[in-house]
Amino acid sequence: MKIRVVLPALAAVTALALTGCVNNADSEGSGGGTKSPATSDIKADSAAVALLPKDVKDSGKLIIGTDASYPPNEYKDANGNPTGWNVTLADAVAAKLGLKSEWQVSKFDSIIPNINGGKFNMGSSSFTDTLERQKSVDFVDYYQAGTLWAAPKGKTVNPEDACGLKVSVQSGTVQDTDEMPARQQACKDAGKPEIQVLKFDGQEEATNAVVLGKADALSADSPVTLAAIKATGGKLEASGESFDNAPYGFVTAKGSELTKAVQAAVESLMKDGTYTKILTDAGVEAGAVKEAVINGGKS
């Protein structure tokens, strides 16, 4: 079992329910195929159901992979089950498809391989829809998020002038795979010390690294950074504004019939107001989009 060190200030924030002991091993079952209370009254959309692949429809369930370590989007509750607004939204998609959610907690960078291997039907883990990822999977875009840095309160950190600093990120995120390599190369080209990137399996560890003084700043998706700032009780503050806005997407196998079924389910949720309600209840409605686009990422 992987032990996650969580500061008392973090652990005290019950709204995020950050836990100190988490197992993110592949295929850890969680959720038990049940609907969350927020989605239990959602009725299936016949048009969306008609688009389902026969094997998925006949199974009666939607197997969803997630790395439940990215509050407030997806994280584990006190019982170790996935929760967060991104989980609720995916549960709502399953309900629109007449299916029950079966959550599988997995490391972030193993979700796409598990989708391609047929182990998961869908990925719901704050995936940024990028051109590189589109080569191997499809996305149904449902949210717009940017990157936001945070640093210890009172410490001025400029993401555009961070050469030589230590910056923590969660492994496999766009901040790890895209942002940091580009910034490191820019520092190298300018003849300056490269950014020292500290990679962690979960966002809690990346946040703790800054609070403990092991890193100068963290970089994460904007709703996640804002939640981390809140969770630390004022120990951190945002460094500038969010940038590089890009879509989050539900991940499905490349060319799968499931992609259009998920798109229809998300659009049905938008039409009946459920989508807006879920985002508003979580306080993340600023990133809402007006339509569910397939493979809308442009970078």
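Below, two people talk through a predicted model of a protein.

Colleague: Let's start with the basics: how many helices and strands does the protein have?
Modeller: This is a predicted model, so keep that in mind throughout. Counting secondary structure, the protein has eleven helices and twelve strands.

Colleague: And what share of the 299 residues in the protein is buried?
Modeller: Buried here means under 20% relative accessible area. Of the 299 residues, the buried ones make up 55%.

Colleague: What part of the contacts with a separation of 6 or more is between residues 24 or more positions apart?
Modeller: Take the contacts in the protein with a separation of 6 or more, and pick out the pairs 24 or more positions apart. Those pairs account for 78%.

Colleague: How much of the accessible surface belongs to carbon and sulfur atoms?
Modeller: The accessible surface of the protein is about 12700 Å². The carbon and sulfur part of that is 51%.

Colleague: On to charges: how many salt bridges does a search of the whole structure find?
Modeller: Side chains of opposite charge can pair when their charged atoms come close. Searching the whole structure for such bridges gives ten.

Colleague: Glu-102 has a salt bridge partner; which residue is that, and why does the pair tie together separate parts of the sequence?
Modeller: The N to O distance in this bridge is 3.3 Å. Glu-102 lies in strand β6 and its partner in strand β2, so the pair ties together parts that are 41 residues apart in sequence. Glu-102 is partly exposed at 23% relative accessibility, and the partner is partly exposed too, at 31%. That partner is Lys-61.

Colleague: In the salt bridge of Lys-96 with Asp-272, which residue is buried?
Modeller: The closest N and O atoms of Lys-96 and Asp-272 are 2.7 Å apart. The pair links helix α4, home of Lys-96, to helix α10, home of Asp-272, across 176 residues. Asp-272 has a relative accessible area of 42%, so Asp-272 is partly exposed. At 7%, the buried one is Lys-96.

Colleague: What about Lys-155 and Asp-216: is Asp-216 buried or exposed?
Modeller: These two form a salt bridge, with 2.6 Å between the closest N and O atoms. Lys-155 sits in the loop between β8 and β9 and Asp-216 in the loop between α8 and β11, so the bridge ties together parts 61 residues apart in sequence. Lys-155 is partly exposed at 33% relative accessibility. Asp-216 comes in at 17%, so the verdict for Asp-216 is buried.

Colleague: Let's look at the second largest pocket: which element gives the largest share of its lining?
Modeller: About 310 Å³ of space lies in this pocket. The lining has 19 residues, and among those nearest the centre are Thr-128, Asp-244 and Ser-299. Elements giving two or more residues to that lining are β8, α7 and β12. The largest share, six residues, comes from α7.

Colleague: How many charged residues are in that lining?
Modeller: Sorting the lining of the second largest pocket by class gives five nonpolar and eight polar residues. The charged ones number six.

Colleague: Where is Thr-130, and which residues does Thr-130 touch beyond four places away in sequence?
Modeller: Thr-130 belongs to the loop between β7 and α6. Its relative accessible area is 7%, so Thr-130 is buried. Leaving out residues up to four places away in sequence, Thr-130 touches Phe-139, Val-174 and Ser-299.

Colleague: Which residue with a positive phi follows helix α5?
Modeller: In α5, the buried residues include Phe-108, Ile-111, Ile-112 and Ile-115. Among the elements covering the buried residues of α5 are β2, β7 and β12. After the helix comes a residue with phi near 85°, and that is Gly-118.

Colleague: Last one: how many of the ten residues of helix α9 are buried?
Modeller: Helix α9 is mostly covered. Its buried residues include Pro-223, Val-224, Ala-228 and Ile-229, and α9 is followed by Gly-233, with a positive phi near 65°. Of the ten residues in α9, the buried count is eight.

How values were computed:
Residues are numbered from 1 along each chain as its sequence is written. This is a predicted model: local features need pLDDT of at least 70, side-chain atom pairs count only at pLDDT 80 or more; totals for chains, interfaces and linings use all residues. Side-chain values use heavy atoms; hydrogens and water are left out. Buried means under 20% relative accessible area, exposed over 50%, partly exposed in between (1.4 Å probe, protein chains only). Contact means heavy atoms within 4.5 Å. Accessible areas come from the Shrake-Rupley method with a 1.4 Å probe; for residues, only the protein chains shown count as cover. A salt bridge is a side-chain nitrogen of Lys or Arg within 4 Å of a carboxyl oxygen of Asp or Glu. On a 1 Å grid over the protein atoms alone, a cavity is a set of points where a 1.4 Å probe fits but cannot get out, and a pocket is an open set with protein on both sides within 12 Å along at least five of seven lines; lining residues have an atom within 4 Å of a point. Grid points are joined across faces, edges and corners, and a volume is the space filled by probe spheres set on the points. Ala, Val, Leu, Ile, Met, Phe, Trp, Tyr, Cys and Pro count as nonpolar, Asp, Glu, Lys and Arg as charged, and the others, Gly among them, as polar.
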